[in-house]
Amino acid sequence: LCPVPLQVDGLFIIGWMYLPPHDPHVDDPMRFKPLFRIHLMERKCATVECMYGHKGPHNGHIQIVKKDEFSTKCNQTDHHRMSGGRQEEFRTWLREEWGRTLEDIFHEHMQELILMKFIYTSQYDNCLTYRRIYLPPSSPDDLIQPGLFKGTYGSHGLEIVMLSFHGKKAKGTKITGDPNIPAGQQTVEIDLAHPLQLPDIENLRDFSELSRIVLEVQEQVRREEQEQGQEGEEHLEQAASQPASPLGGGEGAEGEETAAGAEGTTQDKAPASQPFVLPMGVISRNEDYPRTCRICFYGTGLIAGHGFTSPERTPGLFVLFDDDRFGFIWLELKSFSLYSRIKVSFQNAQAPSREAFDEMLKNIQSLAT
């Protein structure tokens, strides 16, 4: 998955691939390059050209699979190859995608991950499938404006994440993936019902102190979920033993109103700003992160082995810096991800309804699994 807006330019429809900036410059603008071009001819005729590679436009094919889905195929894949073979292709890809050479990357683990990504992406450069992605709907109660963000992911480089709000939860869904967590998976989940008060700046430098605070909230969340589960079972047993109420639904509506009120209260009490610094030992690809934040919440982050093996949600800290930047401290990995808003304007990308957006999220996650 990757944002590919379609642009009508005279007699052409052009599909552009939008790429994040070079790692770790998360605040830099997006990069883009053409993927395919449809030349609109007379008499309801059109020709399709593949724009991938370094030898100019060449013959391609496009097929409408179903509503909101189509695929493109290159008919001249030799245009994607280079005279120097795979080694030259890899070095060229590395300069374009990472802005550096292999000699610049001293970390062996990072070299391994980059090579894996090259092998994976180059396998599918001749046939690609595109599915519609909606931008998340917004609400006046949202913590910040939802949307697309560029984020740092350690040795994986920069990736694109969609931030959306769902009542007491906020979700970060990967739009681009890596060898560990594929696109479509929910990379982070923020529990907006559990804000965290950071310690003073000196104690915040102590990773064990931050870890203690986060794990205490994790245990609190676990107890609350267990209690809610027990209450739900008791409620079902009582409902089964009592006649149905002709006014059914009133109690649930009252509960929703109370929850919304509590959520608004939590955000209203948030301080304007507080000092922030990463604890000692936490690794960050970008040291140029803000030194003040608005509010922090307990959250979980998805980690897995290569090939999305043994996935698990682990505790972490969501840090809201401002309207356009947030961060996430992965407790188990001792790693920090910094996210910056993508300010490109995508036309006609708003979801027609909340239900349509939720359905899209389910669809892209099912594709990843």
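**Lining of the second largest pocket**

Colleague: Into which classes do the residues of the lining of the second largest pocket divide, and how many are in each?

Modeller: This is a predicted model, where local features need pLDDT of at least 70 and side-chain atom pairs 80 or more, while totals for chains, interfaces and linings use all residues. Residues are numbered from 1 along each chain as its sequence is written, and side-chain values use heavy atoms, without hydrogens and water. With Ala, Val, Leu, Ile, Met, Phe, Trp, Tyr, Cys and Pro as nonpolar, Asp, Glu, Lys and Arg as charged and the others, Gly among them, as polar, the lining divides into 11 nonpolar, 13 polar and 5 charged.

Colleague: What is the volume of the second largest pocket, and which lining residues are closest to its centre?

Modeller: A pocket is an open set of 1 Å grid points over the protein atoms alone where a 1.4 Å probe fits, with protein on both sides within 12 Å along at least five of seven lines; lining residues have an atom within 4 Å of a point. The volume, the space filled by probe spheres on points joined across faces, edges and corners, is about 650 Å³. Of the 29 lining residues, the closest to the centre are Y153, G154, S155, H156 and L333.

Colleague: Which element gives the most residues to this lining?

Modeller: Elements giving two or more residues include helix 2 (108-122), strand 16 (309-322) and strand 18 (335-341); helices (H or I, at least four residues) and strands (E, at least two) are DSSP runs numbered from the N terminus. With 4 residues, the most comes from strand 15.

Colleague: Between which domains does the second largest pocket lie?

Modeller: Domain bounds come from an automatic or database assignment. Because both give residues to the lining, the pocket lies between domain 1 (6-131) and domain 2 (147-209 + 272-367).
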